[in-house]
Amino acid sequence: MSEAKLDFLDRSRAFWNPGKTQDWQDMGIDLVIDRREGYYLYDMDGHRLIDLHLNGGTYNLGHRNPELVQALKTGSERFDMGNHHFPALARTALAEALAACAPSPDMRYTAYGSGGGEAIDIALKTARHATQKRKIVSIIKAYHGHTGLAVKTGDDRFSKLFLSEDTEGEFIQVPFNDLNAMEDALRGRDVAAVIMETIPATYGFPMPHEGYLPGVKQLCERYDALYIADEVQTGLMRCGEIWACTKYGIEPDIMVTGKGIGGGIYPIACVLISERCGGWLKEDGFGHISTGGGAELGCIVAMKVLEMVQRPEVRTMVRYISDYMRAGLDQIMAAYPDFFIGIRQHGVVMGLEFNHEQGAKPVMKHLYDNGVWAIFSSLDPRVLQFKPGLLMTQADCEEVIRRVEIAVGLARDEVMGASHHTYRKSA
Amino acid sequence: MEPQVRTLVDIADTPAALAGQADIVLERARWAAEVFRRFDQKLTMSIVDAVAKVAHENAGRYADWAVEETGFGVAAHKKIKNELTAHPLVDFYRDQDFVTPRIDESRKMVEIPRPAGVILALTPSTNPIATINYKILIALMTRNAIVISPHPAARECSVDAAHLLSKVAQEAGAPDGVIQIIEHPTIPLVEEFMRSKKTSVTLATGGNAMVRSAYSSSNPAIGVGPGNAPVLVDDTADIDKAAKRIIESKSFDNSALCTNESVLIALESIDKRLCQALRQNGAYICDADDVERLRRYLFHDRGFNVETVGRDAVWIAKECGIRVPENIKVLVAPIGQIGVEEPLSREKLCPVLAYHVVRTRSQAISQARAVLRIAGAGHSAAIHTSDETAAMEFAGAVEVYRVVVNAPCTQGAAGFATALAPTFTVGTGYFGRSSIGENIGPQHLVHWTRLAYNSSPDEPFGSYHGVSVNLAGPLPTAPADGVPGSSRSTLRPSSSSAPTEGSTDPSREELRKLIAEELRFILRH
């Protein structure tokens with residue numbers, strides 16, 4: 001490590017976040033991201049990494065995508081954040097673009113947050129207003145953000161620390177893929193909404209069982225609860241359609257999109273609200289106020305993102321990337337069957353499962369040493385989040401597979417002992 | 001109220017947007033090529049045959065459409081061209097295998113075919129569908145992905161045809177994206193495609209400006225120059241047959257093919273007989289006044305009058321005030337000089353044939369060389385003779401790479417009335433500032449990796465029969481657990497990927513201007 005980086009890390013500990021800075025050093029990841037371009041990150045010491053983390057799809061279209069940068073630059077010649085009190089050209093234009101590709105024909109309105117957490121809070125408040133009920137059901141190990149209401153829907157790891165966990169019994173959590181538990185939670189008809197990530201990301205992408213999500217939707221209808229689709233990570237074409245919930249036949253009442261919708265260039269998050277849930281927007285349109293939410297420059301970028309992800313070429317690319325990666329990973333799995341035991345996949349949303357309770361961490365470390373950045377699932381460290389971008393080139397996919405094969409072999413030896421040094425047939 | 005998708009901030013014309021548009025199409029093509037190269041000969045040819053079949057079946061429909069859209073040519077002739085570039089083209093190469101490795105025991109070598117990857121194919125307005133058929137089929141035969149950049153004047157029929165053939169190819173098992181077309185081509189956008197690292201080679205047929213641009217792009221290119229074919233009829237020729245073939249050639253598709261005869265050079269001794277025979281076959285021989293009218297009408301200060309491209313002889317005669325019978329197929333314009341002084345010795349993509357009489361064979365050769373100095377170097381020429389020495393002298397002297405003997409030049413040079421390879425890209429070689437001097441075919445879209453053994457007799461050659469490269473075929477579809485019907489093809493009709501924001505199709509007038517500009521470039525000298 002360079003002197004410059006050592007010095008920088010000291011400053012990071014001193015002025016930014018000592019705990020987070022140190023944790024990464026302890027895990028052997030001394031990454032300080034400097035330059036970034038496409039799907040490449042360059043550490044401040046020059047080390048190149050292929051980014052498979054993409055911050056949950058934030059960099060779906062690559063880092064500093066030139067078209068998005070151009071949209072922002074050109075947009076800034078006319079717009080700024082805008083005045084959130086007034087009807088605004090860009091906010092309305094993005095709302096129309098979202099309505100045109102919404103997962104349900106009833107979805108009409110868009111309310112804006114400056115980030116995903118705020119948007120989740122808006123969604124929950126909207127559901128409470130629409131149903132005049134307070135309870136929210138989510139999935140155990142769910143993750144929807146860190147703001148006031150969102151944090152209560154998730155793992156208490158993030159709420160207790162700040163004495164912000166639910167104490168009123170308003171936030172109920174049930175196991176994923178368990179319709180009986182879901183029905184039990186809804187039976188009392190006192191639930192405002194179920195909030196559901198179409199594929200729970202931070203939990204390592206367990207796949208919904210056949211019929212599970214439509215079953216949840218049916219239960220919502222039976223017990224007068226709303227269905228909120230959290231499409232922050234699964235939306236924007238990552239699963240092969242613009243919104244993953246549509247692949248399960250779900251027409252949500254409220255939907256949230258964030259991260260990738262800002263193209264990694266300008267933070268913005270959006271809540272799509274159906275006509276029947278949008279009552280507060282008529283009753284008191286000033287009910288939720290956000291100076292940064294729906295900043296008009298963000299809207300300009302988001303409109304470009306929507307146009308880009310809906311190009312027919314992207315649909316093909318996602319299929320090629322997911323098929324190609326799967327074929328390569330299947331071969332690696334066959335070479336290390338005692339360690340690399342599963343692949344969870346929907347499109348370019350993938351979780352690699354390892355046969356050790358912290359198995360994804362050494363894989364992450366060896367991938368890092370081999371020029372690939374992919375992060376473990378914080379709520380299930382057996383699983384490595386493996387999320388190639390929508391526009392990844394064939395050459396880069398081949399590079400990734402080549403490097404993953406090496407890293408998995410090294411991690412396996414580290415975790416399970418270098419027992420077999422025999423030549424393994426190359427994946 | 002229905003939501004509208006509107007553009008507030010239009011970046012469609014910025015370099016970033018143009019590069020982005022090109023990149024995504026080309027990367028899709030690269031993915032397709034990567035999968036396609038895993039296909040074996042049988043699967044490859046089944047795709048080729050499926051595409052050829054549909055191209056053949058639709059030859060007439062697209063011929064009508066192309067004539068309607070461009071205003072050029074003769075629908076019946078275009079139908080023939082569209083057909084020739086379907087089954088007959090594939091049959092011509094049927095016995096050649098561009099997919100399976102070749103084993104050469106005598107040289108102790110194995111040759112493995114390696115497709116180019118992504119072919120960028122520029123197609124002209126004069127032969128839009130024939131060129132599309134031809135380029136798509138030679139790309140498929142060699143397991144390449146192809147991106148077509150159509151001429152704006154023939155955009156609609158080209159886009160429709162490419163989509164149809166793409167659909168057929170995919171249904172026959174080709175990887176998604178093997179055939180794509182730039183739906184809204186503009187010069188800056190096409191230049192982005194040409195210079196992208198993801199383009200393996202540009203196959204450029206069309207205006208000289210685009211061909212030179214392809215060669216300047218820093219990528220490999222196979223481009224061809226303009227034609228201006230001289231045709232010599234000597235005193236040993238069968239005059240009647242020669243006249244018949246020349247008229248047949250010159251009136252074919254109203255001379256929209258660049259292989260058409262431009263200047264007929266006749267020996268004095270057969271001049272009268274030839275004129276008579278030309279008349280009998282449908283030519284009108286102009287008098288001096290007619291020639292002056294033609295000269296002024298076809299060439300003005302800005303160059304060739306593009307209004308006349310692919311128009312029929314009677315139409316042209318009427319436009320410049322020459323009274324001719326309604327059954328006339330070709331206007332023959334006697335000219336006394338060849339060279340810069342005589343515009344009619346330039347290329348004419350219409351059924352007007354310049355006619356020049358010479359005294360000797362050596363004068364004929366020097367005049368033919370002069371024709372090609374004006375334009376058409378490396379392209380085509382024809383001779384009608386029964387004297388082998390004359391043919392050899394002529395062919396060895398004129399700076400072209402194909403000299404058609406006793407056949408219509410239009411069809412003959414393009415490989416449809418001779419044993420030359422059937423093509424819609426006539427390589428003009430070094431004479432014509434091009435990389436290839438023969439008729440372009442699939443062999444130019446594949447290179448070979450050679451496994452070369454030690455030539456010493458001590459080192460035996462391996463046994464390669466039954467040993468193959470890994471041709472795994474299509475990629476298996478990745479499962480998506482728990483999604484009903486997730487394995488079904490989600491192919492949708494491809495909609496435009498080109499910048500449509502705020503832009504409208506160029507008007508007819510703008511198109512005319514564009515073509516005019518391009519043709520001027522070709523015909524200026």
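What follows is a walk through a few parts of a predicted model, from a covered strand in chain A to the contact with chain B.

Strand β8 of chain A, residues 226-230, is a good place to start. This strand is mostly covered, with five of its five residues buried. The cover is found on both faces: L226(A), I228(A) and D230(A) sit buried on one side, and Y227(A) and A229(A) sit buried on the other.

Part of the setting of β8(A) comes from its strand partners. Strand β7 of chain A, residues 191-197, runs parallel to β8(A), and five bridges join the two. Within that pairing, I228(A) of β8(A) has I195(A) standing opposite. To get from β7(A) to β8(A), the chain passes through helix α9 of chain A, residues 212-222, and the resulting β-α-β crossover is right-handed. Strand β9 of chain A, residues 254-257, also pairs with β8(A); these two run parallel as well, joined by three bridges. Here D230(A) has V256(A) in β9(A) as its bridge partner. So much for names and pairings: I228(A) and D230(A), which stand on one side of β8(A), take part in the pairing with I195(A) and with V256(A), respectively.

Earlier in chain A, the pairing is of the antiparallel kind. Strand β1 of chain A (residues 33-37) and strand β2 of chain A (residues 40-43) run antiparallel and share three bridges, with R36(A) opposite L41(A) in β2(A). The two strands make a hairpin with two residues between them, and G38(A) in the turn shows a positive phi of about 60 degrees. β2(A) then pairs with strand β3 of chain A, residues 48-51, again in the antiparallel sense and over three bridges. In this pairing Y42(A) stands opposite R48(A) in β3(A). The hairpin of β2(A) and β3(A) has four residues between the strands, and G46(A) there takes a positive phi near 100 degrees.

A single residue, L281(A), offers another view of chain A. Its place is in helix α10 of chain A, residues 279-283. Is L281(A) buried, exposed or partly exposed? L281(A) counts as partly exposed because its relative accessibility is 26%, and that value lies between the 20% limit for buried and the 50% limit for exposed. Leaving aside residues up to four places away in sequence, L281(A) touches Y109(A) and I273(A). I250(A) is a different matter: L281(A) and I250(A) are 31 residues apart in sequence and 24 Å apart in space, taken C-alpha to C-alpha.

Then there is the contact between the two chains. Chain B brings 45 residues to it and chain A brings 50 residues. Together the chains bury about 4,000 Å², with 62% of that on carbon and sulfur atoms. On the side of chain B, L8(B), I24(B) and W31(B) lose the most area to chain A, together 19% of what that side buries.

Polar links cross the contact too. Between chain B and chain A there are two salt bridges. One of them joins D176(B) to R319(A), whose closest N and O atoms are 2.8 Å apart. The count of residue pairs in polar contact between the chains, both at pLDDT 80 or more, is 10. As for which element of chain B does the touching, helix α1 of chain B, residues 15-36, supplies the largest share of that side, 12 residues.

Definitions and conventions: Residues are numbered from 1 along each chain as its sequence is written. Chains are lettered from A and ligands numbered from 1 in the order in which they are written. This is a predicted model: local features need pLDDT of at least 70, side-chain atom pairs count only at pLDDT 80 or more; totals for chains, interfaces and linings use all residues. Side-chain values use heavy atoms; hydrogens and water are left out. Buried means under 20% relative accessible area, exposed over 50%, partly exposed in between (1.4 Å probe, protein chains only). Two strands pair if DSSP finds at least two bridges between them. A crossover is right-handed if, with the strands pointing away from the viewer, the path from the first strand over the helix to the second runs clockwise. Contact means heavy atoms within 4.5 Å. Buried area is the accessible area (1.4 Å probe) that two parts lose on being put together, summed over both. A salt bridge is a side-chain nitrogen of Lys or Arg within 4 Å of a carboxyl oxygen of Asp or Glu. A polar contact is a pair of N or O atoms within 3.5 Å; within protein, one must be able to donate a hydrogen and the other to accept it, and residues adjacent in sequence count only if both atoms are side-chain atoms.
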